[in-house]
Amino acid sequence: MTSLLGIDLGTSSVRALLVDPDGTVLALNGLDYTPDIPRPGFAEQDPDFWAAMAFTTISRSLADARVTGDGVRALSFSGQMHGLVCVDKAGKPLRPAIIWQDQRSKHVIRDMYDRLGRDVIGGAVQNTVATGFLLASLVWLKENEPETYGKIYRVMLPKDYLKFRLSGVIATDFSDAAGTTAFDNVNRQWSRPLLDALGLDPEMFPEILPSTAVLGTVTPEAAAATGLSTSTLVVNGGADQCMQAVGNGIVQEGVFSSNIGTGGQMSACSASPLYDPEFRTSTFAHALPERWTVMGAALSAGASMKWLAERVLHLDSFRDVDALAGAVPAGSGGLLFLPYLAGERTPHFDPEARGVFLGLTLGHDRRNLLRAVMEGVAFALRDSLDIILGMGVRCTRLIASGGGANSPLWLQIQADVFNQPIEKSLNREQACLGAAITAGIGAGIYPGYPEAADRLVRFDECLYTPDPENVRLYNELHQMYKETYIVNKQLFPALARVDETTSGN
């Protein structure tokens, strides 16, 4: 049997999907975990922990499918974006990875923009440098942990460390390199002028290869740990947003993705490196040649619902969440929620932004809170959608993905808030499937992404269409949502200082 393995390294889980060349799922396994928060504003994970979890999911998938290592033709990767992994010459991590949720570099970024200027940085990488992005975290490390910085042989993105542990090769791809904000998206190379201006050694940065490049085969050590064969091809892979787009069949210009995972992303495939002149969105190279992803991000999408449902309301079933929130009409009884629990990226790029419930009354209960969170996350993604549409990208189709796509109520809320029909694929793990497709292209099983998507990606027949009454209501509430940030913006830094003072940091 010839099979393909897609591995998705997320913020809160690692998944391994084994499929045959027609996309039939042979096995799916995953393990959940949480980021380490050593102090407020910090977010880290242990790269070797990632590897251990990934190796376990691979082994279990092979066992469940009763497939030997020789039966896996190729594997590839999808991974959480932006994070910083630092290794020495032996390939050993020098410290925990600083991941995308981290906010420690906010002062570094301010200094960077004061010194170099917004236009210089934006022109070099076509993006805004944000907290949690590799570039900002590396500058922070240079200034605050110089001894560790001096030992760095290579920096990597999170999924690239898994790839190294399986293949022994250090490399990245265009889509993940783009998410570092050290990458020139127009010329598709590391931005040497920006690295030089910041005093960063370009030799630290890995070679960039296409997502479908074959790096080699599984090492004997990794084969022993996973059950894979040393003949299994290791294919480069891509950033999770790029791979979930591939797994959703988003390989043509004008197809949009609304993803609600731990974070949330609104993205579109573009045939040119368009970028917002105000740098409120991100423009990243795609896995497809001559394609780019234009994306806006909400830092706490599914994370907001998980926080409320588990930590506040102690609900352990998403079915219960859906039933409770669905008992409340659109508008949540006049209750608004800003999902800025970890700061916010699009459109504010404000690491000190705070979550807000606005409009609470004695008449509200947990049902209103739950629905307000769903609506608030949709409003956050609507901010990104409006900017991308304003850049001239036409939306011909909108596909939902991530855990939020499992909620019929959340899908309908998105259709109403976006005023766009929305659908979802039948594939459960789109990022894993995108990685498996990438493995298949690297192995020569498929000629390219469009052909592979036509063969493997299947869609639910249910189409969620906007309700005109709800569209009118949500247009009004979305304006109030935007104003809520504006009128509270000056309070957020003061609250952040209180948090830092009272937590002893």
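The largest nonpolar core of this predicted model comprises 56 residues, of which F256, M266, L370, M374 and F418 touch the most other members. Helix α13, covering residues 366–390, gives the most to this core, with 13 residues. Apart from it lies another core, of 46 residues, which includes V125, V139, L200 and W292. Such grouping accords with a general tendency: in soluble globular proteins, nonpolar side chains tend to be buried together.

M266 offers a view of the surroundings within the largest core. Leaving aside neighbours within four places in sequence, M266 is in contact with F256, S257 and S258, with V294, M295 and G296, with L381, S384, L385 and I388, and with L398 and F418.

Several of these residues lead to a sheet. Six strands form this open sheet, in the order β18-β19-β17-β16-β22-β23, and the pairing is mixed. The edges are occupied by β18 (282–285) and β23 (423–424); each has a single partner strand, so one side of each is left without a neighbour in the sheet. For β18, four bridges provide the connection to β19 (residues 292–298), and the two strands run antiparallel. Within that pairing, F284 has T293 of β19 as its bridge partner.

Further into the sheet, β16 is mostly covered, with six of its six residues buried. V255, S257 and N259 point one way from the strand, while F256, S258 and I260 point the other way; all are buried. On one pairing, β16 runs parallel to β22, joined by five bridges, and N259 stands opposite S401 of β22. With β17, the pairing of β16 is antiparallel and extends over five bridges; here I260 stands opposite G264. A hairpin of three residues links β16 to β17.

Helix α14, residues 408–418, lies across four strands of the sheet: β16 (255–260), β17 (264–270), β22 (397–401) and β23. The helix runs at about 130° to β16.

These elements belong to a protein chain with 18 helices and 23 strands. Its radius of gyration is 22 Å, close to the 23 Å that the globule rule gives for 505 residues, so the chain is as compact as a globular protein of that length. The C-alpha trace spans about 65 × 55 × 45 Å along its principal axes. Among the 505 residues, 61% count as buried. Of the contacts with a separation of 6 or more, 74% are accounted for by residues 24 or more positions apart. The protein chain exposes about 19000 Å², and carbon and sulfur atoms supply 50% of this area.

Methods: Residues are numbered from 1 along each chain as its sequence is written. This is a predicted model: local features need pLDDT of at least 70, side-chain atom pairs count only at pLDDT 80 or more; totals for chains, interfaces and linings use all residues. Side-chain values use heavy atoms; hydrogens and water are left out. Two strands pair if DSSP finds at least two bridges between them. Contact means heavy atoms within 4.5 Å. Axes are lines fitted to C-alpha atoms, for helices over the stretch in contact, and angles run from 0 to 180 degrees between N-to-C directions. The radius of gyration is taken over C-alpha atoms; the globule rule is 2.2 Å times the number of residues to the power 0.38. Buried means under 20% relative accessible area, exposed over 50%, partly exposed in between (1.4 Å probe, protein chains only). Accessible areas come from the Shrake-Rupley method with a 1.4 Å probe; for residues, only the protein chains shown count as cover. A nonpolar core is a set of buried Ala, Val, Leu, Ile, Met, Phe, Trp, Tyr and Cys residues joined through side-chain atoms within 4.5 Å.
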